[in-house]
Amino acid sequence: MAADGTLLTSTDHHYREGLAEFSLGPGFFRPESRPARDLSVLLARHQKARATQPLRWLDLMAGCGIRALRWGLEALGSDAAETELWINDGDPDRLPLIQSNVQALGCSTRLSAEAADLLLYRSILQRQRFDFIDLDAFGASGSLIQPVLQALRFEGLLFLASTDGRSPTGHDRVGAIRSLGAAARVHPASWEMALRQQIGLVARQAWLLGHGVQPLFSFSEGRTFRLALRLLRQIPAGDEKKLGLVARCERCGAQRVQPLLKLSGWPACHCLEGQGRWSISGPLWIGPLQEEPLLQQLIADAQDLGLQQISPVTLRLLRRLQADPGDCPTVWPTDELASRLGGGGPPALGRLVQALHAEGYRASASGVMPAQVRTDAELPQLLQICTSLRGEGI
Ligand SMILES: C[S@@+](CC[C@H](N)C(=O)[O-])C[C@H]1O[C@@H](n2cnc3c(N)ncnc32)[C@H](O)[C@@H]1O
Ligand SMILES: [Zn+2]
């Protein structure tokens, strides 16, 4: 493996991850996507442990087949009889490799080399629905969201990746209109905005079908944006309020959020009269990003499995996400707060969160981007609290 994160491409490379030992082949493989694969295993285990019926799982863009292999070994183990693993990669040259990697699994496997949309539409027509779909796509996965949702069972799980960072982070505004049907503006919490855009897109697609989605967890390292969601038969009452607009004044840094359902004019920001200008992103998801109780369960399971199966990086990620439900989308980098105070070091994040709580605000260290504070305090109050921390020498 390349410790520096470069792609592994040697043909006969033998690789270990979790309980799996397998060949990588000449195609795409990123060792540093390990947290996503660990989380895929934990989600699969979570579902299997609660299943009352046979399960069907789909690794839709399988690469060398590592996710399905790890599902088989680490989520099913000896209890594999009733589970079907469908393993697909659009590149037919990958099929022999996948075949040899998963041949020892004790469960029923169905291998294919089809374009993802064809496989999904056929499954929909044949009413073969999946309990879990892992869609680890290159680029944007937008056009596949509709068939993926239709191919999922109710209460089924979707783990979705997108590597299109430019559109949802506001660096390709035309692209965002095309691929998300939304305005995307540059924002310091760019990874979070991208995740919220993506969840908003999936929610709207599910709502078109009359169904709901429950975001389970969302994270990024700035390159790939990953979401796990549960498909719900019904749209939970009031969920439409979780779609909205996020506004940020580029000049004074003020942030505001409005649900689409109650959209009204934007109040003045904190700039001197007339000088401020809101940059507005959305519609995007303004509800929670993480489901805390589920993360708690995944952490407990990860700890039981131990560090060979679930890497320390994954465990740290889970703890970060669990500590920050992502319940309000107003997030500021501590560096920005420091520079708005005229320089000096940024406030200590933990202490800032405590001070915000003491003043009655909601606050957490962002689990999505480092060195950012999430709070419902408005910027002047937030800066005031930072100033008093400075006064205390913190
Ligand atoms: C990001 S890689 C998958 C990596 C793998 N899941 C892992 O964890 O190592 C994406 C894979 O999707 C396949 N692919 C790309 N477009 C596809 C499509 N439209 N249908 C099916 N497979 C596709 C590629 O051949 C590639 O192997
Ligand atoms: Zn302003």
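Strands, in the sense used below, are DSSP runs of E of at least two residues, numbered from the N terminus. The exercises that follow concern a predicted model.

**Exercise 1. Two residues with positive phi**

Locate glutamate 155 and arginine 127 in the secondary structure, give the phi of each, and decide how far each is exposed.

*Solution.* Begin with glutamate 155, which lies in strand β7, the run covering residues 152–162. The phi of glutamate 155 is positive, at about 75°, although the residue is not a glycine. Its relative accessible area is 47%, and because exposed requires over 50% while buried requires under 20%, glutamate 155 is classed as partly exposed.

Turn next to arginine 127, which is placed in the loop between α4 (116–125) and β6 (130–136). Here too the residue is not a glycine and phi is positive, with a value of about 55°. With a relative accessibility of 64%, arginine 127 counts as exposed.

**Exercise 2. The surroundings of arginine 196**

Determine whether arginine 196 is buried or exposed, and then identify what its side chain reaches.

*Solution.* The first step is to place the residue: arginine 196 belongs to helix α7, which spans residues 190–208. The second step is accessibility, and since the relative accessible area of arginine 196 is 0%, the residue is buried. The third step is to look for a polar partner, and the side chain of arginine 196 is found to reach the backbone oxygen of glycine 326 at 2.9 Å. Finally, when residues up to four places away in sequence are not counted, arginine 196 touches a set of residues that includes Leu284, Trp285, Cys328, Pro329 and Arg374.

Glutamine 198 is also found in helix α7, and at 7% relative accessibility it counts as buried. Leaving aside neighbours within four places in sequence, glutamine 198 is in contact with Ser141, Ile145, Leu160, Ser162, Leu180 and Leu227.

**Exercise 3. The packing of α1 against α8**

At what angle do helix α1 and helix α8 pack, and which residues meet where they do so?

*Solution.* Take the geometry first: helix α1 (residues 34–50) and helix α8 (residues 292–305) pack at an angle of about 100°, and their axes are 10 Å apart. Because angles of 65 to 115 degrees count as roughly perpendicular, α1 is roughly perpendicular to α8.

Then take the residues: on the α1 side they are Leu42, Leu43, Arg45, His46 and Arg50, which meet Leu294, Gln297, Leu298, Asp301, Ala302 and Leu305 of α8. Sorted by character, the residues of this contact comprise six that are nonpolar, two that are polar and three that are charged.

A further residue of helix α8 is glutamine 303, which counts as partly exposed at 44% relative accessibility. With neighbours within four places in sequence left aside, glutamine 303 is in contact with Leu315 and Arg319.

**Exercise 4. The nonpolar cores**

How many residues does the largest nonpolar core have, and which of them have the most contacts inside it?

*Solution.* The largest nonpolar core has 46 residues, and those with the most contacts inside it are Leu43, Trp57, Leu85, Phe159 and Phe217. Another core lies apart from it and has 41 residues, among them Ala137, Ala182, Ala194 and Ala206. As background, nonpolar side chains in soluble globular proteins tend to be buried together.

**Exercise 5. Aspartate 376 and its partners**

Describe where aspartate 376 is found, how accessible it is, and which backbone atom lies by its side chain.

*Solution.* Aspartate 376 is found in the loop between β15 (372–375) and α12 (379–391), and at 35% relative accessibility it counts as partly exposed. Leaving aside neighbours within four places in sequence, its contacts are Cys328, Thr330, Tyr361 and Arg362. For arginine 362 a polar contact can be specified, with the backbone nitrogen 2.8 Å from a polar atom of the side chain of aspartate 376. As for distance along the chain, aspartate 376 and glutamine 255 are 121 residues apart, and their C-alpha atoms are separated by 9.7 Å.

**Exercise 6. A cis peptide bond**

Which two residues does the cis peptide bond with omega of about 5° join?

*Solution.* The cis peptide bond joins glycine 282 and proline 283. Proline 283 itself lies in strand β12, which runs over residues 278–285.

Note on methods
Residues numbered from 1 in each chain as written. Chains lettered and ligands numbered in written order. Predicted model: local features only at pLDDT ≥ 70, side-chain atom pairs only at ≥ 80, totals over all residues. Heavy atoms only, no water. Helix = DSSP H or I, 4+ residues; strand = E, 2+ residues; numbered from the N terminus. Buried < 20%, exposed > 50% of the residue type's maximum accessible area, 1.4 Å probe, protein only. Polar contact = N/O pair within 3.5 Å; in protein donor to acceptor, adjacent residues only side chain to side chain. Contact = heavy atoms within 4.5 Å. Axes fitted to C-alpha atoms, helices over the stretch in contact; angles between N-to-C directions. Parallel < 35°, antiparallel > 145°, perpendicular 65-115°, else oblique. Nonpolar A, V, L, I, M, F, W, Y, C, P; charged D, E, K, R; others polar. Core = buried A, V, L, I, M, F, W, Y, C linked by side-chain atoms within 4.5 Å.
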